[in-house]
Amino acid sequence: MSEQPSAHRTEAAWPRWLVAVLALVLIMGLLAALRPILTPFLVAALLAYLGDPLADRLERRMPRTAAVALVFLGLILMLGLLVLIIVPQVAQQVMQMSHKWPLAVEWVQHNLLPRFTAWTGMTVDLETLKAALAQHWAQAGAMTANVVGWLFGSGMSAVAWLANLVVIPVVTFYLLRDWDALVAWVRDFLPRSVEPTVSRLAREADEVLGAFLRGQLSVMLALGTVYTLGLWLAGLEQALLFGMLAGLVSFVPYLGVIVGGLGAGLAMLIQTQELMSLLPVLAVFAVGQLLEGFVFTPWLVGDRVGLHPVAVIFAIMAGGQLFGFTGVLLALPVAAVLAVLIRHVHERYKASSLYGPQESPPEGEAR
C-alpha cells in the first residue's frame with residue numbers, strides 16, 4: 001500500500017505529454033546527427049511512398065513481390081528514358097547557346113548600348129563590362145572546380161557518392177515491398193489510448209501528402225510540357241532546356257516564371273537579336289500561369305492541401321537553412337503534414353473551455 005502513492009507521484013511527475021515531447025526531441029536530435037547519411041534513405045522512402053498506391057492496385061491481381069517488381073521496373077525505365085533522351089538534348093542546347101555568346105556581345109554593343117545611352121544619358125564601357133563578366137565567370141569556374149574536387153577529390157567521397165546511387169534503388173525496392181507491413185507495425189506500436197486519434201490524423205495526412213506530392217509532380221510535368229511546346233512554337237532553339245527548367249522549379253510559387261522567363265528571354269535575344277521576339281516568350285509564360293492557376297492546380301492538386309504560397313516559400317527556405325539539401329527535400333511534405341496537425345489543434349482549441357462559448361449578440365442588434 002505504501003508504494004502506490006509513490007507510483008502515483010512518479011506518474012504525475014512524468015506526464016505523458018512530457019514523455020512524448022522528450023521522445024520527439026530525442027528523435028530530432030538523432031536525425032540531425034545522422035543527416036549526412038539520410039538523403040538516400042529519404043529519397044528511397046519518397047519513391048516508395050509514391051509507388052505504393054500503384055503497387056496496391058497491382059497486388060489485387062498478382063503477388064505483392066511481383067507487383068513491386070513491376071512498379072520498380074517502371075521507375076527504372078522512366079529514369080533511363082530521362083537520362084538517355086532528355087539529358088543529351090538539354091546538353092546539346094546548352095552547347096548551342098554557349099557558341100552564340102560572341103554574336104550576342106556584338107549585338108549588345110551595336111544595338112542595345114546606343115539605345116541605353118540615348119534613353120538614360122549614361123555611357124557603358126563594354127570592355128569593362130566584359131572584363132567584369134570574365135572575372136566573375138573565372139570565380140564561378142574556380143568555385144565549381146573546388147566543389148567538384150571536394151566531391152570527387154578523395155576516394156572515400158567517390159565511394160560514398162556511388163554507394164548512395166546503389167543504396168537508393170535497393171532501399172526503395174524493400175520499402176515498397178514491405179510498406180503495408182511497416183505501416184501496420186507502427187500502428188501496432190502506438191499506445192492504445194492514442195491509436196485512434198493518431199490513425200485518423202495519419203489518414204488525413206496521407207490524403208493531403210499524397211494529393212500534394214502526386215498532384216504537384218503532375219503540375220510540374222504539365223507546365224514543363226506547356227512551356228516547352230510554347231517556346232518551340234515561338235522558335236526558341238533551347239525550348240526544351242528552359243521549358244523543362246521552368247516546369248521543374250515551379251513547385252516554388254513564381255520561381256518557374258522568373259527563372260524560365262528570364263532565361264528564355266535572354267536566349268531568344270541571343271538567337272534573334274530583336275527585342276520584338278520577346279513578345280512570344282512573354283505570351284508563353286502568361287498562358288502557362290493562367291493554365292497553372294485555373295486548370296492544372298485545381299484539377300491535379302485541388303484544395304485539400306491548403307498551403308499558402310508564402311508558407312511554401314518559408315518552408316523551403318527554412319528546410320534548406322536547417323538541414324541543407326535534405327531539408328529542401330523534406331520541406332513541402334513536412335509542411336503538408338504540419339498543416340493537418342495545425343488544423344487538428346485548432347479544432348481542439350475551439351472545442352475546449354479555453355476558447356470559451358461564443359458570445360451572443362445583444363438583443364435588437366442585427367445579425
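A cavity is a set of grid points where a 1.4 Å probe fits but cannot get out. The exercises below apply this and related terms to a predicted model.

**Exercise 1. Overall architecture**

Determine how many helices and strands the protein has, and what share of its residues is buried.

*Solution.* Step 1: the assignment of secondary structure yields 13 helices and zero strands. Step 2: read from the N terminus, the order of elements is accordingly α-α-α-α-α-α-α-α-α-α-α-α-α. Step 3: of the 367 residues in the protein, 25% are buried. Step 4: for contacts between residues at least 6 apart in sequence, 70% link residues at least 24 apart.

**Exercise 2. The enclosed space**

Establish how many cavities of 30 Å³ or more the structure holds, and which residues line the largest cavity.

*Solution.* Step 1: searching the whole structure gives one cavity of 30 Å³ or more. Step 2: the space in the largest cavity amounts to about 40 Å³. Step 3: its lining consists of Leu223, Tyr227, Ser250, Val252, Tyr254, Leu255, Gly256, Val257, Gln289 and Glu292. Step 4: two or more of the lining residues come from each of helix H9 (195–234), helix H11 (255–272) and helix H12 (278–301). H11 contributes the most, with three residues. Step 5: sorted by class, the lining has six nonpolar, three polar and one charged residue.

**Exercise 3. The pairing of H10 and H11**

Classify the relative orientation of H10 and H11, and describe their contact.

*Solution.* Step 1: the axes of helix H10 (residues 239–248) and H11 come within 7 Å and cross at roughly 170 degrees. Step 2: angles over 145 degrees count as roughly antiparallel. H10 and H11 are therefore roughly antiparallel to each other. Step 3: on the H10 side, the contact is made by Phe242, Leu245 and Ala246, which meet Gly256, Val259, Gly260, Gly263, Ala264 and Ala267 in H11. Step 4: this contact comprises six nonpolar, three polar and no charged residues. Step 5: Gly256 of H11, which takes part in the contact with H10, is also among the residues lining the largest cavity.

**Exercise 4. Burial along H10**

Find how many of the ten residues of H10 are buried, and name them.

*Solution.* Step 1: eight of the ten residues in H10 are buried, which leaves the helix mostly covered. Step 2: the buried residues are Ala239, Leu240, Leu241, Phe242, Gly243, Met244, Ala246 and Gly247. Step 3: two of these, Phe242 and Ala246, also meet residues of H11.

**Exercise 5. Three individual residues**

Decide whether Thr172, Leu282 and Trp232 are buried or exposed.

*Solution.* Step 1: Thr172 belongs to helix H7 (residues 155–177). Because buried means under 20% relative accessible area, Thr172, at 2% relative accessibility, counts as buried. Apart from neighbours within four places in sequence, Thr172 contacts Ala44, Leu47, Ala48 and Phe72.

Step 2: Leu282 sits in helix H12. The exposed class begins over 50%, so Leu282, at 56% relative accessibility, counts as exposed. The C-alpha atom of Leu282 is separated by 9.8 Å from that of Leu231, 51 residues apart along the chain.

Step 3: Trp232 is part of helix H9. At 59% relative accessibility, Trp232 counts as exposed. A separation of 9.9 Å lies between the C-alpha atoms of Trp232 and Val281, which are 49 residues apart along the chain.

Conventions
Residues numbered from 1 in each chain as written. Predicted model: local features only at pLDDT ≥ 70, side-chain atom pairs only at ≥ 80, totals over all residues. Heavy atoms only, no water. 1 Å grid on protein atoms, 1.4 Å probe; cavity = no way out; pocket = protein on both sides within 12 Å on 5 of 7 lines; lining within 4 Å. Points joined across faces, edges and corners; volume = space filled by probe spheres on them. Helix = DSSP H or I, 4+ residues; strand = E, 2+ residues; numbered from the N terminus. Nonpolar A, V, L, I, M, F, W, Y, C, P; charged D, E, K, R; others polar. Axes fitted to C-alpha atoms, helices over the stretch in contact; angles between N-to-C directions. Parallel < 35°, antiparallel > 145°, perpendicular 65-115°, else oblique. Contact = heavy atoms within 4.5 Å. Buried < 20%, exposed > 50% of the residue type's maximum accessible area, 1.4 Å probe, protein only.
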